[in-house]
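Reader: I am in my first year and still learning to read protein models, so could you take me slowly through one part of this one, namely its pockets and what surrounds them?

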Amino acid sequence: MNLSQLANPRILDQPVYQPGKPIEQVAREHGFTPEDVCKLASNENPWGSSTTAIEAGKVALESVYLYPEGSGQALREKLGQYHTLDGSQFILGNGSNEIIELLGHVFLNPEDEVLVGEHAFVVYKLVALLMGADVIETEMPRLTHDLDAMKKAITDRTKLIFLPSPNNPTGTANSTEEISAFVRSLPEHVLFCLDEAYAEYLDDPFDLRPFIAEGRKVLGLRTFSKIHGLAGLRIGYGYGSPEMIGLLQQARQPFNANSVAQASAIGALEDRDWVDLCRRRNQAGLDQVSAGCARLGLEVVPSQANFLLVKVGNGRTFFEQLQARGFITRPMSESLNEYLRISIGTEEQNERLLKALGIVMQEGSANL
Ligand SMILES: *Cc1c(COP(=O)(O)O)cnc(C)c1O
């Protein structure tokens with residue numbers, strides 16, 4: 001009997017998440033120094049993290065021989081002040097991805113249906129499959145979540161609906177009116193998870209708090225990986241009713257959020273100026289890259305996040321040719337294979353990227 005025969009059969013069929021390539025690997029493969037490689041593949045903050053967050057992390061590093069405070073009390077209280085909710089309404093995760101998995105552990109059984117958009121962030125689907133639930137995908141006309149289609153797809157077996165707004169990889173968001181009406185229309189047996197990984201990039205993000213206060217079965221997800229620039233520390237959180245959070249806490253490992261991450265996250269929340277500055281710079285970067293793509297005759301999907309989906313034709317080829325020039329971008333799966341996802345970089349990175357895109361296009365047409 002071989003080892004895989006002993007494995008849970010679900011694991012053998014489980015698709016694997018493809019992360020963006022690390023800088024060091026691309027440098028090694030193509031003979032660059034790491035400084036020459038420009039990573040625009042994982043929607044990180046190109047300006048880095050706030051110095052307040054870094055300093056707080058350094059202080060916490062002195063005490064890493066100690067386990068973190070189990071429930072992340074200090075950060076949860078800080079989050080309570082930030083969102084005007086109670087500390088008991090927050091759960092910390094090793095990235096918000098861990099909270100997506102906790103949702104699966106707490107609520108999903110085989111036979112349950114998880115409803116997602118066809119081009120939604122892929123982790124929802126991976127978690128649903130891992131739990132043996134069925135994934136129901138609805139169409140996304142104009143690459144935007146169609147909440148009417150999602151409403152129509154609800155059955156007696158629907159347990160959990162994920163809505164990322166803005167969504168990754170499309171960058172599209174749903175309006176406050178649409179989301180409000182959708183949440184109010186959900187039947188009793190359905191949970192709603194709003195993934196707000198890019199909410200800080202919106203001028204007017206959706207406010208889930210009134211729905212929590214009305215007792216609806218909702219959970220908001222946020223992360224410190226994107227605008228806060230702490231992706232390497234792995235810290236995110238969920239917020240909802242004390243009852244919802246209590247159930248999720250039951251499924252969590254004792255020290256899932258590390259002490260350095262917790263301290264840095266508190267520092268990040270204290271530095272609102274940094275977040276505002278990065279939001280403005282990102283908007284300028286979106287304008288810069290969109291305009292540059294238009295000059296090259298490339299269509300982009302209008303984005304409300306910190307990346308752009310660019311229609312290049314053959315995404316895989318462009319990905320490889322850009323990578324050979326030291327730019328790491330993100331090719332898409334089959335259903336979006338004409339597109340490349342490109343994270344917004346610094347002004348200088350964006351300029352270099354656009355130049356490289358132009359060269360790749362020229363060489364492509366020369367080869368025809
Ligand atoms: C990046 C991202 C996350 C958060 O990931 P972390 O685990 O917190 O790093 C969640 N949802 C979406 C849609 C994302 O793009």
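Author: A pocket here is an open set of grid points, where a 1.4 Å probe fits, with protein on both sides within 12 Å along at least five of seven lines, and a residue counts as lining the pocket if it has an atom within 4 Å of one of those points. Please keep in mind throughout that the model is predicted.

With that definition in hand, we can turn to the second largest pocket, which encloses about 400 Å³ of space. Its lining is made up of 21 residues, and those nearest the centre are Tyr 82, His 83, Glu 200, Pro 205 and Arg 222. Helix H5 (73-83), helix H12 (259-270) and helix H13 (272-295) are the elements that contribute two or more residues to this lining, and H13 gives the most, with four residues. Sorted by class, the lining holds 10 nonpolar, two polar and nine charged residues. Because both domain 1 (3-36 + 273-366) and domain 2 (51-271) give residues to the lining, the second largest pocket lies between them.

The largest pocket can be described in the same order, beginning with its volume of about 1,300 Å³. It is lined by 46 residues, and the closest to its centre are Tyr 17, Gln 18, Phe 121, Val 122 and Arg 330. By class, this lining has 20 nonpolar, 14 polar and 12 charged residues. Domain 1 (3-36 + 273-366) and domain 2 (51-271) each supply at least three of the residues in it. Among the elements that each provide at least two lining residues are helix H6 (96-107), strand S3 (113-117), helix H14 (315-324) and strand S12 (330-331), while H7 gives the most, with three residues.

Helix H6, one of those contributors, is worth a closer look on its own. With 12 residues at 1.5 Å a residue, H6 should span 16 Å, and since its end C-alpha atoms are 17 Å apart, the model agrees with that expectation. The buried residues of H6 are Ser 96, Glu 98, Ile 99, Ile 100, Leu 102, Leu 103, Gly 104 and Phe 107, where buried means under 20% relative accessible area.

One last detail concerns contacts made by a side chain, that of Gln 249, a residue of helix H11 (residues 242-250). A polar atom of the Gln 249 side chain lies 3.4 Å from the backbone oxygen of Phe 90, and the side chain of Gln 249 also makes a polar contact, at 2.6 Å, with the side chain of Arg 252.

Definitions and conventions
Residues are numbered from 1 along each chain as its sequence is written. This is a predicted model: local features need pLDDT of at least 70, side-chain atom pairs count only at pLDDT 80 or more; totals for chains, interfaces and linings use all residues. Side-chain values use heavy atoms; hydrogens and water are left out. On a 1 Å grid over the protein atoms alone, a cavity is a set of points where a 1.4 Å probe fits but cannot get out, and a pocket is an open set with protein on both sides within 12 Å along at least five of seven lines; lining residues have an atom within 4 Å of a point. Grid points are joined across faces, edges and corners, and a volume is the space filled by probe spheres set on the points. Ala, Val, Leu, Ile, Met, Phe, Trp, Tyr, Cys and Pro count as nonpolar, Asp, Glu, Lys and Arg as charged, and the others, Gly among them, as polar. Domain bounds come from an automatic or database domain assignment. The expected span of a helix is 1.5 Å times one less than its number of residues. Buried means under 20% relative accessible area, exposed over 50%, partly exposed in between (1.4 Å probe, protein chains only). A polar contact is a pair of N or O atoms within 3.5 Å; within protein, one must be able to donate a hydrogen and the other to accept it, and residues adjacent in sequence count only if both atoms are side-chain atoms.
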